[in-house]
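Please open the model in your viewer and keep the selection panel at hand. The tour goes from one selection to the next and says at each stop what can be found there.

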Amino acid sequence: MKKQSEFKGFSEKSLAFLAGMRENNEHEWYEAHKDEYVKYVQEPMKALSFELSDAMLSVDEYFVTGGRTVSRIRRDTRFSRNKLPYKSVSWLVFKRPNKDWISLPAFFFELNPEGYMYGMGFYSAEPSTMKSFRNIIDSQRKRFDEAVDFYYTDKTQPFTLVGDKYKRILDASKDERTMDWYQRKNLCLLTERPVEPVLFNSSLAGTLLEDFFRAAPLYRLFLEASRTPAE
């Protein structure tokens, strides 16, 4: 069995390939540059996934790990109006193996021509999941406060809370901080970063793990909400 390469960071050539793919999204260009994709995008992304996998299993033992977390470059255009054949970004996702995974919480990292982003949350939460999450806030307030405390007290945490909100107020008795979570139709902690030195060395893996672990208690609340029937 081939030994998995150690993650040493991405490179300017990783970004250059993705930028080129965006500008030349066609079969001929990809085939002419396929070796660059494998060497500068696919292999380091897989190496990063393997570097993170053991630690991420301590967050959720049911995560899909290793190379299976990494996106494919070919797009599935069967049900999409966008018929471009290839992706111009690359990502990895730590998620449970479920055909409806978009409604489950997950951790993710994405490399794009302008830099990178990463975070934790739902791609598309079900309304019932968000109702269950609100029930958890109401019934397990201490646990919720402990899970989100880092977001407000840790000045080094990088995330921003994103997700559409309901226009009507769901519970006017909630304080402003709670309402920021309570009113959401969808929830995700996200950070978007430009091209910077950490992207090009092995320390990126440690940075991701540190921030993913910060969000781990909140992930467990999200997971519970996604598996708990709403009243």
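The stops below take in a sheet, two helix contacts and a salt bridge in what is a predicted model.

**The sheet**

Begin by selecting the five strands, which form an open sheet in the order β1-β2-β3-β5-β4, with antiparallel pairing. At the edges of this sheet you will find β1 (90-94) and β4 (160-162), each of which pairs on one side only. If you look along the sheet, neighbouring strands are turned against each other by 20° on average, with direction ignored. As background, strands of a sheet pair through backbone hydrogen bonds, either parallel or antiparallel.

Next, select strand β5, residues 188-194, together with the edge strand β4, and you will see an antiparallel pairing over three bridges. Within this pairing, Leu-161 has Leu-189 of β5 as its bridge partner, while Val-162 is partnered by Cys-188, also in β5.

Keep β5 selected and add strand β3, residues 115-122, which pairs with β5 in the antiparallel sense over seven bridges. One place to look here is Gly-115, whose bridge partner in β5 is Pro-194.

**Helices α4 and α6**

Now hide the sheet and select helix α4 (residues 141-153) and helix α6 (residues 203-227), whose axes come within 7 Å and cross at roughly 140°. Because of that angle, α4 counts as oblique to α6, and the crossing in which α4 passes α6 is left-handed.

To view the contact itself, show the side chains of Arg-143, Phe-144, Ala-147, Val-148 and Phe-150 in α4, which meet a set of residues in α6 that includes Arg-214, Leu-218, Leu-221 and Glu-224. When the residues of this contact are coloured by class, they divide into eight nonpolar and four charged, with no polar ones.

**Helices α2 and α6**

Leave α6 on screen and add α2 (27-57); the axes of α2 and α6 come within 10 Å and cross at roughly 35°. Here α2 passes α6 in a right-handed crossing.

On the α2 side, select Leu-48, Glu-51, Leu-52, Ala-55 and Met-56, which meet Leu-204, Ala-205, Leu-208, Leu-209, Phe-212 and Phe-213 in α6. The residues of this contact divide into ten nonpolar, no polar and one charged.

**A salt bridge between loops**

For the last stop, bear in mind that a search of the whole structure finds 14 salt bridges, and select the one that Arg-96 forms with Asp-60, where the closest N and O atoms are 2.8 Å apart. Which parts of the chain does this pair link? Arg-96 lies in the loop between β1 and β2 (105-112), whereas Asp-60 lies in the loop between α2 and β1, so that distant parts of the chain, 36 residues apart, are linked by the pair.

Conventions. Residues are numbered from 1 along each chain as its sequence is written. This is a predicted model: local features need pLDDT of at least 70, side-chain atom pairs count only at pLDDT 80 or more; totals for chains, interfaces and linings use all residues. Side-chain values use heavy atoms; hydrogens and water are left out. Two strands pair if DSSP finds at least two bridges between them. Helices (H or I, at least four residues) and strands (E, at least two) are DSSP runs, numbered from the N terminus. Axes are lines fitted to C-alpha atoms, for helices over the stretch in contact, and angles run from 0 to 180 degrees between N-to-C directions. Angles under 35 degrees count as roughly parallel, over 145 as roughly antiparallel, 65 to 115 as roughly perpendicular and the rest as oblique. A crossing is left-handed if the near helix is turned anticlockwise from the far one by less than a right angle, and right-handed if clockwise. Contact means heavy atoms within 4.5 Å. Ala, Val, Leu, Ile, Met, Phe, Trp, Tyr, Cys and Pro count as nonpolar, Asp, Glu, Lys and Arg as charged, and the others, Gly among them, as polar. A salt bridge is a side-chain nitrogen of Lys or Arg within 4 Å of a carboxyl oxygen of Asp or Glu.
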